[in-house]
Amino acid sequence: MTKDAIKAGRLLRAPENFLDPVVAQEITANGLSEERRGFLRKSFLAASAAMASGVTFAQGGVSGDGDPNILNLPEHSTTLGQAVATNGYGVPSKYETNLLRRESPGLTRVSAASVSFAPLQGLFGIITPSGLHFERHHQGWHDIDPSKHRFMINGLVKNPKVYTMDDLMRLPSVSRMHFIECGANTAMEWGNVAVPTVQYSHGMLSCCEFTGVPLSVLLEDCGYDKKNGKFILAEGADGSSMTRTISMDRALDDVIVAWGMNGEMLRPENGYPLRLVVPGVQGVSWVKWLRRIEVGDKEYGTKDEAIHYIDSMPDGMYRQYTSIQECKSVITTPSAGQMLLDKGFYNITGLAWSGRGKIKRVDVSVDGGRNWRTARLEGPVNTKCLTRFNINWVWDGSPVVLQSRAIDETGYVQPKINELRAVRGTRSIYHNNAIQSWKVSESGEVSNVQVY
């Protein structure tokens with residue numbers, strides 16, 4: 001690599017709040033038509049241009065007078081700082097207030113039954129901060145008094161039981177890192193390019209350390225019917241009474257009845273005080289505010305699995321109980337909405353995950369999939385967990401298309417969008433794990449495109 005090529009490029013982050021509240025409310029009220037999708041993209045690009053024109057950078061070092069940020073001691077170097085425990089619960093810096101989970105305008109008509117997206121473009125490593133974990137609610141969230149919450153196991157068991165939170169937290173616990181992805185993540189990209197940044201295209205994805213008691217321990221405690229108990233039904237305590245069928249094999253494998261997330265209690269919007277953790281399976285099965293497990297001999301076919309979270313197939317049939325989140329990856333930087341300000345060196349970074357186990361390899365292409373290079377996998381590489389990948393890249397200023405392709409330990413290779421459509425059609429909503437493409441134009445602007 002030449003000396004000139006080593007020069008680090010500079011990147012402008014994606015704009016935030018590119019729609020004013022009035023426009024956002026109008027889109028929400030009238031739905032997201034193709035015309036409004038176009039309007040959304042134009043508004044976003046205008047915001048990007050405004051950001052780019054309003055930011056200046058020093059070129060080639062400092063002037064002959066020197067850098068005042070070095071020569072003049074700042075206030076924080078000459079005065080007494082804040083006392084310990086000024087904030088009894090720590091908060092981010094005031095300079096990081098733009099990094100928020102955000103609702104997509106027009107996605108749903110009621111915010112209580114909507115989604116907020118995690119800002120993947122601004123996160124490091126693999127752990128999602130608790131306050132940035134994506135949300136998906138069907139009837140809004142509540143802050144439940146844990147002393148009054150009860151968890152029941154019934155059905156095909158010898159000893160039906162009711163547990164308090166104290167009962168559960170006295171049992172042997174485990175802590176494991178796992179990703180959770182909504183089955184509808186990347187849903188709007190099935191037909192065509194629809195959203196302007198990785199936050200909205202892939203942000204129904206998070207990864208945390210979860211703590212709780214293995215469900216297998218509780219099922220054994222209640223004496224589940226090992227001959228006839230083939231499935232469990234998990235039920236939530238929210239207003240929608242979310243219910244999901246899970247096979248007994250999976251329930252006994254690695255499912256956790258969890259109260260902890262990232263070293264503390266679950267946040268209310270993430271199911272406090274109790275939720276189910278079902279590694280590798282779509283997020284809707286991770287039932288929040290968990291109140292009941294019923295053991296049964298067949299699939300339950302409840303409302304949330306008979307008419308929702310089913311896959312529309314090209315022949316007009318619907319596929320039920322598709323739960324595993326297949327191998328998938330996405331480049332988070334550079335990604336759509338960002339802008340490259342210089343030619344030179346960049347670190348391409350992103351995330352990969354698989355509901356079937358560990359990530360084995362991630363390849364990256366800068367020419368729309370014609371040629372691939374293997375990226376570095378940054379540890380830890382855990383099963384059913386996000387894996388961070390990085391690869392060096394020198395941009396010469398020409399237009400390029402960036403892609404990542406993940407391969408898991410089963411040998412499954414993440415498909416191109418046209419390969420996925422050949423099997424699933426274009427009218428699906430759920431389980432889009434296609435390769436994502438980001439186009440870098442000569443101007444340095446990065447945008448969402450689909451390349452076959």
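How much space lies in the largest cavity? In this predicted model, the answer is about 230 Å³. That cavity is one of 5 in the structure with a volume of 30 Å³ or more. A total of 21 residues line the largest cavity, and those nearest its centre are Arg-136, Arg-275, Gly-283, Val-284 and Lys-288. Sorted by class, its lining is made up of 9 nonpolar, 6 polar and 6 charged residues.

The second largest cavity offers a useful companion view. Its volume comes to about 100 Å³, and its lining consists of 13 residues. Glu-189, Ala-434, Ile-435, Gln-436 and Gln-450 are the ones nearest the centre of this second cavity. Here the lining divides into 5 nonpolar, 7 polar and 1 charged residues.

Attention can now turn from the cavities to a sheet. Four strands, in the order β17-β19-β23-β22, form an open sheet with antiparallel pairing. Strands β17 (328–333) and β22 (376–378) are found at the edges; each has a single partner strand, so one side of each is left without a neighbour in the sheet. On average, and with direction ignored, neighbouring strands of this sheet are turned by 30° against each other.

Inside the order, β19 (residues 344–353) and β23 (residues 387–395) run antiparallel and are joined by 9 bridges. To follow one of these links by eye, the reader may start at Thr-349, whose bridge partner in β23 is Asn-390.

Technical notes: Residues are numbered from 1 along each chain as its sequence is written. This is a predicted model: local features need pLDDT of at least 70, side-chain atom pairs count only at pLDDT 80 or more; totals for chains, interfaces and linings use all residues. Side-chain values use heavy atoms; hydrogens and water are left out. Two strands pair if DSSP finds at least two bridges between them. Helices (H or I, at least four residues) and strands (E, at least two) are DSSP runs, numbered from the N terminus. Axes are lines fitted to C-alpha atoms, for helices over the stretch in contact, and angles run from 0 to 180 degrees between N-to-C directions. On a 1 Å grid over the protein atoms alone, a cavity is a set of points where a 1.4 Å probe fits but cannot get out, and a pocket is an open set with protein on both sides within 12 Å along at least five of seven lines; lining residues have an atom within 4 Å of a point. Grid points are joined across faces, edges and corners, and a volume is the space filled by probe spheres set on the points. Ala, Val, Leu, Ile, Met, Phe, Trp, Tyr, Cys and Pro count as nonpolar, Asp, Glu, Lys and Arg as charged, and the others, Gly among them, as polar.
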